[in-house]
Amino acid sequence: MDVSDPAAVPLHTRTCDCPSHGVFASRAIELPALGRKPGKLIWSRCPVCGREAAAREAAAQRAEQEQARQQRMEDRLNRAGIPKRFRARSFENYLADSDAKRHALVTARGFAEDFSAHARRGTTLVLAGNVGTGKGHLALSVAQHVMSLGHSVFFATAREIVLMLRG
Ligand SMILES: [Zn+2]
């Protein structure tokens, strides 16, 4: 039998019953006899089960990729020295309850979104104000946005920088 010629391959079909999806037509390919081994038929399985298995595998792969992506971000935040308690701080949850804070939010967000241009020009952003006005929150929001653009970030207090320079 010439298996490369489809007309020469006998067509086998039978009706099968999938416990989950009911009746389907199964087709078989025939493996020819090889030496003393007799030929045999390989029957196709339920096509819906096959599609479901493929979808489950694709979903598992996506979940794995998403987990790896989150882990990479977490690693970068760790390397940047951003404390865990500050990581939820973003532009979205900054409380801009005065004109000065609204101005600070717009400025910081604009700086973060145009960071690549600022980095090329060497422009910096200084946030000055009283304790509790959200300077740290905005700085961390800028840092996390800038990281999401693929830049490196280093988080340190002024005291830590002075200690590092002395060291
Ligand atoms: Zn099935």
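**Exercise 1. Find which residues lie nearest the centre of the second largest pocket, and work out which helix gives the most to its lining.**

*Solution.*
Step 1. In this predicted model, the second largest pocket is lined by 14 residues. Nearest its centre lie Ala100, Ala104, Leu127, Ala128 and Lys135.
Step 2. Now look at the elements behind the lining. Those giving two or more residues are α2 (99-113) and α4.
Step 3. Of the elements, α2 gives the most, with 5 residues.
Step 4. Sort the lining by class, and you get 7 nonpolar, 5 polar and 2 charged residues. The volume of this pocket is about 240 Å³.

**Exercise 2. Describe the largest pocket in the same way: its volume, its lining and its main contributor.**

*Solution.*
Step 1. Start with the volume, which is about 600 Å³ for the largest pocket. Its lining has 21 residues, and the closest to the centre are Ala139, Ala143, Phe154, Phe155 and Ala156.
Step 2. Two helices, α4 (135-148) and α5 (158-166), each supply at least two lining residues. The most comes from α4, with 7 residues.
Step 3. By class, the lining has 16 nonpolar, 4 polar and 1 charged residues.

**Exercise 3. Trace how strands β1, β2 and β3 are paired.**

*Solution.*
Step 1. Begin with β1 (residues 12-18) and β2 (residues 22-31). These strands pair in the antiparallel sense over 7 bridges, and one partnership to look for joins His12 to Ala28 in β2.
Step 2. Check the connection: β1 and β2 form a hairpin, with 3 residues between them.
Step 3. Move on to β3 (residues 40-43), which pairs with β2, again in the antiparallel sense, over 4 bridges. Here the bridge partner of Ile29 is Ile42 in β3.
Step 4. As you look at the strands, keep a general rule in mind: in a regular strand, side chains alternate between the two faces of the sheet.

**Exercise 4. Identify the protein donors of the zinc ion and decide on their geometry.**

*Solution.*
Step 1. List the donors: Cys18 (SG), His21 (ND1), Cys46 (SG) and Cys49 (SG), at 2.1 to 2.3 Å from the zinc ion.
Step 2. Read their spacing along the chain, which is C-x2-H-x24-C-x2-C.
Step 3. See where two of them sit. His21 is in the loop between β1 and β2, while Cys49 is in helix α1 (residues 47-79), so this pair ties together parts 28 residues apart in sequence.
Step 4. Now test the geometry. Four donors count as tetrahedral if all angles lie between 85 and 135 degrees. The 4 donor atoms here subtend angles of 105 to 115°, so the arrangement is tetrahedral. For comparison, the ideal angle for four tetrahedral donors is 109.5 degrees.

**Exercise 5. Classify His21, Cys49 and Glu92 as buried, partly exposed or exposed.**

*Solution.*
Step 1. Recall the cut-offs: buried means under 20% relative accessible area, exposed means over 50%, and partly exposed is in between.
Step 2. His21 has 28% relative accessibility, so His21 counts as partly exposed. Cys49, with a relative accessible area of 30%, is partly exposed too.
Step 3. Glu92 reaches 62%, so Glu92 counts as exposed.
Step 4. Place Glu92 in the fold: this residue is found in the loop between α1 and α2. To finish, find Leu105, which is 13 residues from Glu92 along the chain; their C-alpha atoms are separated by 9.8 Å.

Technical notes. Residues are numbered from 1 along each chain as its sequence is written. This is a predicted model: local features need pLDDT of at least 70, side-chain atom pairs count only at pLDDT 80 or more; totals for chains, interfaces and linings use all residues. Side-chain values use heavy atoms; hydrogens and water are left out. Two strands pair if DSSP finds at least two bridges between them. Donors are N, O and S atoms within 2.8 Å of the metal (3.2 Å for Na, K and Ca); water is not among the atoms, so sites may look incomplete. Four donors count as tetrahedral if all angles lie between 85 and 135 degrees; four count as square planar and six as octahedral if opposite donors are over 155 degrees apart and all others between 65 and 115; anything else is irregular. Buried means under 20% relative accessible area, exposed over 50%, partly exposed in between (1.4 Å probe, protein chains only). On a 1 Å grid over the protein atoms alone, a cavity is a set of points where a 1.4 Å probe fits but cannot get out, and a pocket is an open set with protein on both sides within 12 Å along at least five of seven lines; lining residues have an atom within 4 Å of a point. Grid points are joined across faces, edges and corners, and a volume is the space filled by probe spheres set on the points. Ala, Val, Leu, Ile, Met, Phe, Trp, Tyr, Cys and Pro count as nonpolar, Asp, Glu, Lys and Arg as charged, and the others, Gly among them, as polar.
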